Structure formats: C-alpha cells, structure tokens
Amino acid sequence: MPELRSNFPPNSALGITRRAHWRALGIPVSDLLKPKIAIVNTSSELAACYAHLDDIAAVLKDELRGLGVVPFEIRTTAPSDFITSAGRAGRYILPSRDLIVNDIEAAVEGAKLDAMICLSSCDKTTPAHLMAAGRLNIPTVIVTCGYQHSGLAAGREADVEEVFLLASKAVVTGEPVDDLEVLADDAILGPGVCAGLATANSMHIVAEALGMAVPGAAPVRANSERMWDTVRRSAVALVDLIERDVRPRDIITAGSIQNAVRTMLAVGGSINTIKHLQAIAIESGVGIDVWETFRVLGRETPLVAAVRPNGPWLVENFEDVGGGATVLREILPLLDGDQLTVSGQTVAENAASARPADGKIIRPLSDPYGTDPAITVLRGTLAPGGAVAKRPVPDPGPHTFTGPARVFQNREEAIAGISSGRLAPGDVAVIRGIGVSGAPGMGMTSAFIFALHARGLAQSVALVTDGQFSGLVNQGVTIGEVSPEAAAGGPLGLVQDDDIIDIDLKTGRLDLLVDAATLAARTPYAPPADRDSGGGMLDQYERLVQPLNCGAVLCARPAAGLCEPALATALASTSTPN
C-alpha cells in the first residue's frame with residue numbers, strides 16, 4: 001500500500017508555520033506529510049452519556065497512528081437533554097445541534113484536516129456529526145459509542161426514562177418525590193446514552209442505515225467488547241475511505257436517506273429522526289422531502305421491532321438478537337441495497353452477513369408487530385409543511401379526533417387551563433408560538449401531556465402544537481412540530497377558540513375546518529411581547545433558523561431547492577384527503 005499523504009501543501013507559509021507548532025507537540029518529521037485526522041470528541045463532564053468518550057479517543061489515537069495517519073482530538077459543545085434542558089425551558093437543546101456542526105466546521109475546515117472520525121453519543125451529537133460530514137464532505141466515519149447499563153437491565157425498578165416519566169407526573173400532581181430519588185440513584189449504572197429506543201439509539205441506528213457507521217454498530221452496550229470492536233473497525237474503515245477518496249456525499253444520497261427512513265419506521269424510532277434526517281439531507285446537498293417520505297413510506301413499512309418506550313423489549317434484548325444490522329437484513333426487500341457504506345460494501349452486501357431475525361424480538365416482514373406506523377406524519381390545511389404523532393405498539397387508538405380548539409400561548413397557560421376547567425373532554429388544545437423561531441429554540445409540551453394524564457383527560461383531549469414533546473409520550477392524540485409554525489405565518493397562528501380541528505391518523509390528515517375567506521380576514525399571529533430569549537445565542541438562532549420542513553437548519557442564504565424541499569408537493573397534498 002502506498003504511503004498516504006495529507007492534501008495540505010507542506011511548503012506553503014502556513015504549512016511551514018504549522019510544522020513549528022506540530023514539532024513542538026512532539027510530532028516526528030516523518031509524520032508531517034501524513035493525513036491529519038480529527039477525532040471529534042463531543043463530550044463533557046456534565047452527563048453520563050459522555051463519561052467514557054475520552055477513553056475511546058485514546059484508543060482511536062493509537063489505532064489511527066498504527067494505520068499510518070496522524071490523529072488530533074478536537075472538542076465541541078456537548079448537550080445532554082436531561083442536563084442542558086434546565087435553562088430557558090429546554091430551548092437550548094435543538095439549537096445546540098447546529099452549534100456542534102459549526103464547532104466542527106471551525107476546527108476541522110479551519111485547520112484543513114483531511115478526514116474525521118466522530119464519537120457520537122447523546123441525542124444531538126449524531127445528527128450534528130452527520131450534518132457536519134455532509135457540509136465538509138471529507139472522509140468521515142461515525143462511531144456509535146453505546147448505551148448505558150440501566151437499572152431495568154440489572155433487574156431493578158427503573159431506567160432514566162422511567163424516572164423522567166414518574167418525576168414529571170409527580171411535579172404536575174404534587175406527589176412526594178422521596179421514593180423517586182431512590183429510583184434515580186439506581187437508574188443509571190454506567191456510561192453511555194439512555195437505554196431504550198429514544199433519540200440517541202435511534203440516531204445511532206440511522207447512522208448505520210445511512211451507511212456512515214460500520215455494519216453492526218448499533219445499538220451497542222457502552223464499553224462492551226462489541227463497542228471496542230466497532231471502534232477498531234471504524235478506524236480501519238476511515239483509512240480505507242481516505243485511500244479510495246470516498247466522501248460523505250458519495251454515501252449520503254436520496255437512496256440512503258430513504259433507507260434510513262424505512263429503518264426508523266420498521267423499528268418505531270424517535271420522531272426526532274425526521275427533522276434530523278431532513279437537516280442531514282440539506283447539509284449533504286440532497287433535495288428530498290423527508291417529511292413526505294415518512295408520510296408515504298409509513299403506510300407501507302411493517303413494524304418488525306418493538307423496543308421500549310414503544311414496546312415491551314429492552315434495547316439489550318434488541319442488541320442481543322442482532323439489532324440494527326438484523327433489521328436491515330429483514331427489510332432489505334424494501335431498501336435500496338446498492339447504496340454504498342463506509343465499510344466499502346453495499347447495504348445488501350453488509351446485510352448478507354447479518355444475523356436473521358429471531359422471530360420473537362425482531363420479526364420478519366411476513367409476521368410483523370403491525371402495519372400502522374409508530375411514527376405518523378400528517379399534513380393538511382393546518383399543517384401544510386407537516387406534523388408528527390408518536391404511537392405505541394400495539395396501537396389501541398383513538399385514531400381520529402374532531403373537536404373545538406382551545407388556544408393557549410404557552411405550556412404553562414395550557415396546564416392552568418386544565419385546572420380551571422377551560423379544557424373539557426372533546427376539546428383540542430392548541431399550544432402555539434413555541435416552534436423553532438417562535439420560542440425560539442422549540443419549546444417542550446410534555447408537562448402538559450403529563451397533566452392531562454394526571455387528570456384523566458389523556459384520551460379525551462387532543463393536543464396540536466408547533467412545539468415538541470418527548471417520544472415517551474405516545475398515548476392519546478398528541479400532534480407536535482406543526483409546520484409552518486405560528487410565528488412563521490402558519491395556519492396555526494390563525495386558529496381561534498371554537499374553530500373545529502379534524503385529526504385522522506389513519507389517512508395522515510390534520511385539517512382546520514374554517515374557510516379560507518374567514519382565515520384571510522383574521523389578524524396575523526404576533527409573538528408575545530414579553531417573550532424572553534436572553535439576548536444571546538437564542539436570538540441569533542431565531543434570525544437564522546429555517547422551518548422544520550427544512551430540518552431547522554441554520555441558513556443565512558438558503559440554497560435553492562434544498563431549504564425548501566418539495567414544499568409545492570406538500571402544499572398540493574393538503575388540499576384534498578388522500
């Protein structure tokens with residue numbers, strides 16, 4: 001094999017100056033011409049998600065040096081939903097995804113490094129790493145760094161997601177939390193992301209389905225031998241990509257994104273994967289409407305796995321019978337098997353070596369858990385750009401809901417509406433002005449849904465919001481992420497009390513039953529004057545963020561055909577039910 005060389009000119013003025021720095025760091029002269037690799041270590045000491053990433057980075061450095069390249073560890077901001085959501089009602093969480101992307105661009109593109117290997121862990125890190133890969137388009141491998149050993153897996157009473165659910169309900173009902181503190185102490189028993197098929201593990205599987213992680217990478221127990229094997233194979237894969245000059249935009253295509261959508265539908269993954277995949281597509285220069293792809297493919301993709309919080313199985317059970325790789329094998333007839341992956345093989349070639357389904361935890365296409373989508377995308381006159389619902393497995397319904405709107409300007413006002421009796425069975429609660437630009441940063445409505453549960457209204461009151469909610473909230477009729485949002489001039493901003501809203505999860509429709517002339521005569525929505533975004537990062541985010549149907553990416557100059565993916569088709573689909 002010929003010796004690999006960096007693309008950066010060594011004899012330029014900067015090349016000579018860089019030599020001075022790197023020689024001072026102890027890099028030998030023989031390494032100066034070798035490819036320079038960024039190990040993107042998105043971590044901090046704030047959360048268990050990242051507690052083992054420094055150890056992974058150290059092993060990767062040794063592996064990469066042994067393969068003839070020069071690694072440099074770089075750091076980025078490192079959000080964790082359960083930690084970073086404390087400030088400004090959780091509105092830093094989604095913007096931090098794009099902050100990571102910019103951190104990577106500044107460090108990697110700024111230094112003109114040749115390739116990168118990204119240590120992906122908590123919810124926003126994997127989509128950010130994939131977005132950065134698409135933007136920079138240098139050889140990249142995603143390393144899925146695994147999930148934590150949980151109390152449930154150890155035979156105890158709770159994992160962190162169960163603690164979150166119980167604690168959130170206790171806050172709403174005023175119940176004592178003493179027993180919950182004991183549960184919390186035993187919920188997380190090691191490093192890694194939350195155990196369960198929430199956003200983190202879903203996005204790890206997405207990375208593999210896209211072809212940007214080595215086969216068999218997800219899900220995986222943190223610090224297990226399988227994880228360390230993934231780390232070592234990822235280093236080899238990266239050097240091979242450099243040799244062959246295979247770049248993310250060779251791998252992230254419309255076909256691979258459709259494969260990832262199919263995979264999320266087949267396992268009932270996190271609803272957050274919709275906006276993240278749309279953002280990855282845009283950063284990778286792929287003009288695909290991911291929302292519409294979820295909506296259409298959701299009607300024809302059987303559910304072959306049911307992992308908590310969607311179904312009864314632990315993520316450990318899922319991993320032990322083959323995990324994401326086995327799912328890709330089972331749904332291969334529905335995939336584009338010719339798509340390239342970082343392994344150098346195609347999706348179909350990788351699937352050939354995966355384990356077959358066990359038939360119990362992962363089922364074959366011929367005997368699925370169900371055919372109704374666990375991720376349901378809706379469109380209609382109230383959501384031209386899309387909206388989403390998360391459904392349990394099995395799904396007991398209700399699947400339709402029609403009722404009068406009760407409009408609230410924030411989550412707290414809506415919770416007060418439950419106590420005051422303003423909300424009654426049959427109503428549709430509308431919480432608006434908390435979307436990506438309205439909040440700004442996207443507000444959470446989970447507490448309102450927990451309050452409905454606590455008052456026995458979860459099945460008789462629907463929710464429609466331009467904010468978001470946890471995927472753990474998958475019962476009742478709860479519709480989130482309505483796009484365009486109220487603050488962007490969407491129809492949601494024109495809704496008034498007693499307007500009739502019609503929801504049909506079976507057909508994927510969300511309609512406002514008010515004629516166009518009446519809506520045109522109404523006063524446009526205006527954000528509350530007392531909204532507090534701090535005057536810093538969130539204000540900057542509000543000015544640059546694109547709509548959810550564009551992945552909520554930051555674009556000062558939106559690229560034609562990318563930041564407005566297939567919106568004309570989406571608008572056409574809202575005019576009549578289909």
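# Worked exercises on a predicted model

The protein has 21 helices and 12 strands. Its radius of gyration is 24 Å, close to the 25 Å that the globule rule gives for 578 residues, so the protein is as compact as a globular protein of that length. Keep in mind that this is a predicted model.

## Exercise 1: The overall picture

Task: Work out what box the C-alpha atoms fill, what share of the residues is buried, and what share of the contacts joins residues at least 24 apart.

Solution:

- Step 1. Start with the outline: along the principal axes, the C-alpha atoms take up a box of roughly 75 × 50 × 50 Å.
- Step 2. Now look inside. Of the 578 residues, 58% are buried.
- Step 3. Turn to the contacts. Take those between residues at least 6 apart in sequence; 75% of them join residues at least 24 apart.
- Step 4. Finish with the surface. About 21,000 Å² is accessible, and carbon and sulfur atoms account for 53% of that.
- Step 5. For the charges, compare mean positions: the 47 positive and 65 negative charges have means that sit 4 Å apart.

## Exercise 2: Unusual backbone spots

Task: Find the cis peptide bonds that end at Pro219 and Pro309, and say which loops hold these prolines.

Solution:

- Step 1. Here's the background: most residues other than glycine have a negative phi, and most peptide bonds are trans.
- Step 2. Go to Ala218 and follow the chain into Pro219. That peptide bond is cis, with omega near -10°. Pro219 belongs to the loop that runs between helix 8 (199–210) and helix 9 (225–244).
- Step 3. Next, check Arg308 and Pro309. They're joined by a cis peptide bond as well, with omega about 10°. For Pro309, the loop is the one between helix 13 (290–297) and helix 14 (315–320).

Task: Which phi signs do Asn223 and Asp245 have, and are these residues buried or partly exposed?

Solution:

- Step 1. Take Asn223 to begin with. It isn't a glycine, yet its phi is positive at about 65°.
- Step 2. Place Asn223 in the fold: it is in the loop between helix 8 and helix 9. Pro219 is in that loop too.
- Step 3. Read off the accessibility. Asn223 has 36% relative accessibility, so it counts as partly exposed.
- Step 4. Move on to Asp245, another non-glycine with a positive phi, this time about 55°. Asp245 is in the loop between helix 9 and helix 10 (248–251).
- Step 5. With a relative accessible area of 43%, Asp245 is partly exposed.

## Exercise 3: Lys124 and Thr125

Task: Lys124 and Thr125 follow one another in the chain; work out where each lies and what its side chain reaches.

Solution:

- Step 1. Lys124 is in the loop between strand 3 (115–120) and helix 5 (125–136). Thr125 is in helix 5.
- Step 2. Check burial. The cut-off for buried is under 20% relative accessible area. Lys124 comes in at 4%, so it is buried. Thr125, at 0%, is buried as well.
- Step 3. Look for a partner for the Lys124 side chain: it makes a polar contact of 3.3 Å with the side chain of Asp81.
- Step 4. Widen the view around Lys124. Beyond its neighbours within four places in sequence, its contacts include Pro79, Ile93, Arg97 and His276.
- Step 5. For Thr125, a side-chain polar atom sits 2.8 Å from the backbone nitrogen of Ser121. The Thr125 side chain also reaches the backbone oxygen of Cys122, at 2.7 Å.
- Step 6. Leaving out neighbours within four places in sequence, Thr125 touches Thr42, Tyr50, Ile100 and Ser120. Ile100 is also one of the contacts of Lys124.

## Exercise 4: Ala237 and helix 18

Task: Say where Ala237 lies and what it touches.

Solution:

- Step 1. Ala237 is part of helix 9. Its relative accessible area is 8%, so it is buried.
- Step 2. Apart from neighbours within four places in sequence, Ala237 is in contact with Val141, Val214 and Val342.
- Step 3. Compare that with Leu297, 60 residues away along the chain: the two C-alpha atoms are 31 Å apart.

Task: Which residues of helix 18 are buried, and what do they pack against?

Solution:

- Step 1. Scan residues 446–454. The buried ones are Ser446, Phe448, Ile449, Phe450, Ala451 and Leu452.
- Step 2. List the partners of these buried residues: helix 6 (160–173), helix 17 (411–420), strand 8 (428–431), strand 9 (462–465) and strand 10 (478–483).
- Step 3. See what comes after the helix. Gly456 follows helix 18, and its phi is positive, near 75°.

Definitions and conventions:
Residues are numbered from 1 along each chain as its sequence is written. This is a predicted model: local features need pLDDT of at least 70, side-chain atom pairs count only at pLDDT 80 or more; totals for chains, interfaces and linings use all residues. Side-chain values use heavy atoms; hydrogens and water are left out. Helices (H or I, at least four residues) and strands (E, at least two) are DSSP runs, numbered from the N terminus. The radius of gyration is taken over C-alpha atoms; the globule rule is 2.2 Å times the number of residues to the power 0.38. Buried means under 20% relative accessible area, exposed over 50%, partly exposed in between (1.4 Å probe, protein chains only). Contact means heavy atoms within 4.5 Å. Accessible areas come from the Shrake-Rupley method with a 1.4 Å probe; for residues, only the protein chains shown count as cover. Lys and Arg count as positive and Asp and Glu as negative; His and the chain ends are not counted. The place of a charge is taken as NZ of Lys, CZ of Arg, CG of Asp or CD of Glu. A polar contact is a pair of N or O atoms within 3.5 Å; within protein, one must be able to donate a hydrogen and the other to accept it, and residues adjacent in sequence count only if both atoms are side-chain atoms.
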